[in-house]
Structure formats: C-alpha cells, structure tokens
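Got the model loaded and a selection box ready? Let's walk through it one pick at a time.

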Amino acid sequence: MTAERKKELLAIARNAIAGSKWARHNAEERYGAFVTIRKDGRLRGCIGFLEPASGIEDEIARLAREAAFSDPRFPPLPLSELPLCTIEISLLTKPERIAGPLDFTLHRDGIIMVLGGRRAVFLPQVADETGWTKEEMLSALSEKAGLPPSAWRSDEAVFLTFQAEVFSEDDL
C-alpha cells in the first residue's frame, strides 16, 4: 500500500471520530482491519474485525468511531482529547489455521484462539509492546478470552494466525 493511501485511510479514521465527512477513493478494497487509538503512547481504544465486511473506507470509519466511543475497556473519548491521540491502522491478511499453539512467529504473526465458544485475538505488534514469550502471550490470550491462563494447552483449542500491515500517524 502506498504512503499516500495510508495517509488517506488515517485521515478517514480521524475525520470519522471528529464527525467529519471524507471523500471515497476506492471503496472496493477489502481487508480485515483494526483501528487503535493511543494517547501518550498508551492504549486508548482498539476495535477491529478479522474478515472484511464491506469496503475498507467504510470499515475504517466505523472501527475508528467504535475504538473512540465504544471500546468497553475505556470511557468514550472526549473530542477535546482527539488532538492528543495517535491513530494506528492494521490491515490483516486472511487468518489461517495452524497445527498447534506454538506454531506461530512472534513479532510477525497475529494469533487467534477459539475454545468453548470463546475467542480472543492479539495483533502481531502485541509481542513488540509487551516483550512476552510465546507461552506468556498464549496465557494472556486465554485470559483475554475469559478462560484460565492454561486454557491454550487444551486439545480442543483452535489457533489461527494472520499478518498485518501496520501504520500510524507517527509513521507518516
């Protein structure tokens, strides 16, 4: 993806949070995606989808609004804080099933765990941000799914991986 296109998508996300309109350029592009908002380098909201539901521009706008106003881990973002925030977008490859829980590459792969009707996801950059080992990441993934930390060791657990093209306003 070109630097110009990345700037357009970041502008769409920021404008959607601010309540502004944006010009559509290529609504046919389809990706799984996450929009992450950070304030002072700390997570302020993150919402995403693994499979494309509609054109990327509409999805980025929707995800940006949800990350700002509907992430259940945070209160809604006051618009007065928006200038203090940085927006990051992760465009995902299609998730693919892996043979076992340790069959992923830290810092390259995002990981999804499905077990007992529960699911949890970590983006590839989580490994960079936390410094976790594979086992620590899988334990945290289990807890994120509302399961005990050792749940990832279950024979019934299913794992998928994906990669992401990650870019933020700080990058461009």
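Start by selecting V126: leaving aside residues up to four places away in sequence, it touches G131, W132 and M137. Keep in mind as you look that this is a predicted model. V126 belongs to helix α3, which spans residues 125-130. Is V126 buried or exposed? It is buried, with a relative accessible area of 14%. Now add G110 to the selection and draw a distance between the C-alpha atoms: V126 and G110 are 16 residues apart along the chain, and those two atoms are separated by 8.2 Å.

**The sheet**

G110 is a handy stepping stone, since strand β5 covers residues 110-115. Select the strands next. Four of them form an open sheet, and its order reads β4-β7-β5-β6, with antiparallel pairing. Which strands sit at the edges? Those are β4 and β6 (118-122), each of which pairs on one side only.

Work across from the β4 edge. Strand β4, residues 96-97, pairs with β7 in the antiparallel sense over two bridges. To find one place where they meet, pick E96, whose bridge partner in β7 is T161.

Now colour β7 itself, residues 158-162. How many of its five residues are buried? Four are, so call this strand mostly covered.

On to the pairing of β7 with β5, which is antiparallel and runs over five bridges. Select I112 and look straight across: L160 of β7 stands opposite.

One more step takes you to the other edge. Five bridges join β5 to β6, and these two strands run antiparallel as well. Here the pair to click is V114 and R119, with R119 on the β6 side. Then follow the chain around from β5 to β6: they form a hairpin with two residues between them. In that turn, check the backbone of G116, which has a positive phi of about 55 degrees.

**A helix across the strands**

With the sheet still showing, switch on helix α4, residues 134-144. It lies across β5, β6 and β7, and it runs at about 135 degrees to β6. M137, one of the residues that V126 touches, falls within the 134-144 range of α4.

**Two crossing helices**

Hide the sheet for a moment and select helix α1 (residues 3-18) together with helix α2 (residues 56-69). Two packed helices are described by the angle between their axes and the distance between the axes. In this case the axes come within 8 Å and cross at roughly 45 degrees. That angle makes α1 oblique to α2. As for handedness, α1 passes α2 in a right-handed crossing. Show side chains to see who does the touching: on α1, the contact is made by R5, L9, I12, A13, A16 and I17. On α2, the residues are I56, E57, I60, A61, A64, R65, A68 and F69.

**Last stop: the cysteines**

Finish by selecting C46 and C85. The structure holds zero disulfides. C46 is in none, and its nearest cysteine sulfur, the one in C85, is 13 Å away. Why is C85 unbonded to C46? Because the 13 Å between their sulfurs is too far for a bond. Turn on a surface to check their cover: C46 is buried, with a relative accessible area of 16%, and C85 is buried too, at 5%.

Key. Residues are numbered from 1 along each chain as its sequence is written. This is a predicted model: local features need pLDDT of at least 70, side-chain atom pairs count only at pLDDT 80 or more; totals for chains, interfaces and linings use all residues. Side-chain values use heavy atoms; hydrogens and water are left out. Buried means under 20% relative accessible area, exposed over 50%, partly exposed in between (1.4 Å probe, protein chains only). Two strands pair if DSSP finds at least two bridges between them. A disulfide is a pair of cysteine sulfur atoms within 2.5 Å. Axes are lines fitted to C-alpha atoms, for helices over the stretch in contact, and angles run from 0 to 180 degrees between N-to-C directions. Angles under 35 degrees count as roughly parallel, over 145 as roughly antiparallel, 65 to 115 as roughly perpendicular and the rest as oblique. A crossing is left-handed if the near helix is turned anticlockwise from the far one by less than a right angle, and right-handed if clockwise. Contact means heavy atoms within 4.5 Å.
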